[in-house]
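Here are some short questions on how the labels in a model are earned. Each answer sets a value against its definition.

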Amino acid sequence: MVPRGLRIGYFTSHATGRNGDLASKDRNEMGRFAGEWLSGLLVVTTEFRHIVTTPKTCCQDSSSKDRLTVPELPEVETMRRGILPIVGSRIIGVQRPRCRLKPIAVSPAMATFRRRTIGQRIDDVQRIGKRVIVRLTSDDAIVFEPRMTGLVLLADPPNLQHLRFQLDLADADHDRLLFWDRRGLGNVTLLSPEELAVRIQEKLGPDALTVDGSMLRQRLGASQRAIKVALLDQHAVAGIGNLYASEILFLAKVHPQKRCHSLTRKQWDAIAERIVEVLNEAIRYEGSTLSDGTYRNALNKEGGYQNQHRVYDRENLPCPQCRSPIVRIVQSQRSTFFCAKCQRRPRST
Ligand SMILES: [Zn+2]
């Protein structure tokens, strides 16, 4: 039985939210997410059981959404590295497995997709922001965007029900590459080099693993936004999401509500340094698999960085540095976790 308060508290917090910091695309996604929740409420699926059975956590407000793992740079980079063995293989088939759920977006149409890919060899596997890019010898690129719950896999998927897309391969150790997506918000797109540049590369800021303090300050230093919100802006810097933003600011000792324009050069340097440090550390642990269990590496195994989190999803637990309870606030409809003692509150926010 689902507590009534949970239902109402959960989806209205997303459906009615307004915030200038969110891009309209993100608002649409949240609206769609809320709508899906609405339609799925009467059939409380097992995948949300952990939310239903932990009312204390999920009745508080919108934090439940954060428990759906959104792959960020470390998770997508782990997927990329995991599928590197397909480099050199030849595509011999492209399939959309039978799926009773709403199909994910695949473009162009399958006939064109097949015509342009079958017979091509895989030249390289790259990452742009939070997307995996499979480069073909024709110079076309197959772009996998996991969005909220997508996975790029070589191994058997978590289930067949949400298997969305498959490349059949020859001349390699693995005979297929799979795209699995529980919520189905991800997409697969075949792009020419020009389309890749215009539609993806030019819309994103520098990769988060390459930033330094002056670059960050140049891109965000004039912004009125809170630093935590600004770090999620993929046009400013690509790859950071909600989870790692909290971890980065904790280590940089910067309050998440501090306005960008009020940050000192030293603070920008500290943030940039911690961005690179935290993301690389998370890649070494192969990303974070949260309580929803969605994120898996290319071999369908859990990541390990969730056990290293210092503040994320640790509300009221002791700060690892000063033992003060970790605080959770909501910024732009997303949970932020921080230590009020280690990350001093700004005088004006
Ligand atoms: Zn502390």
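The turns below cover confidence, strand pairing and one helix.

Q: What makes this a model to read with its confidence in view?
A: The model is predicted; local features need pLDDT of at least 70, side-chain atom pairs count only at pLDDT 80 or more, and totals for chains, interfaces and linings use all residues. Residues are numbered from 1 along each chain as its sequence is written. pLDDT is the predictor's confidence in each residue, from 0 to 100. The chain has a mean pLDDT of 84, and 79% of its residues reach 70 or more.

Q: Over which residues does pLDDT stay under 50?
A: Residues 1-63. The model has 53 contacts beyond four places in sequence for them (contact: C-beta atoms, placed from the backbone, within 7 Å).

Q: Why are strand 5 and strand 9 called paired?
A: Pairing needs at least two bridges found by DSSP between two strands. Strand 5 (residues 141-145) and strand 9 share 5 bridges, so they pair, and they run antiparallel. Phenylalanine 144 stands opposite valine 188 in strand 9.

Q: How do you know that strand 2 pairs with strand 9?
A: 3 bridges join strand 2 (residues 105-107) to strand 9 (residues 187-191), so the definition is met. These strands run parallel. Serine 107 has threonine 189 as its bridge partner in strand 9.

Q: What span is expected of helix 12, and what does the helix reach?
A: The expected span is 1.5 Å times one less than the number of residues. Helix 12 (residues 265-284) has 20 residues, and 28 Å is expected. From first C-alpha to last, helix 12 reaches 29 Å, close to that value.

Methods:
Helices (H or I, at least four residues) and strands (E, at least two) are DSSP runs, numbered from the N terminus. Two residues are in contact if their C-beta atoms, placed from the backbone, lie within 7 Å.
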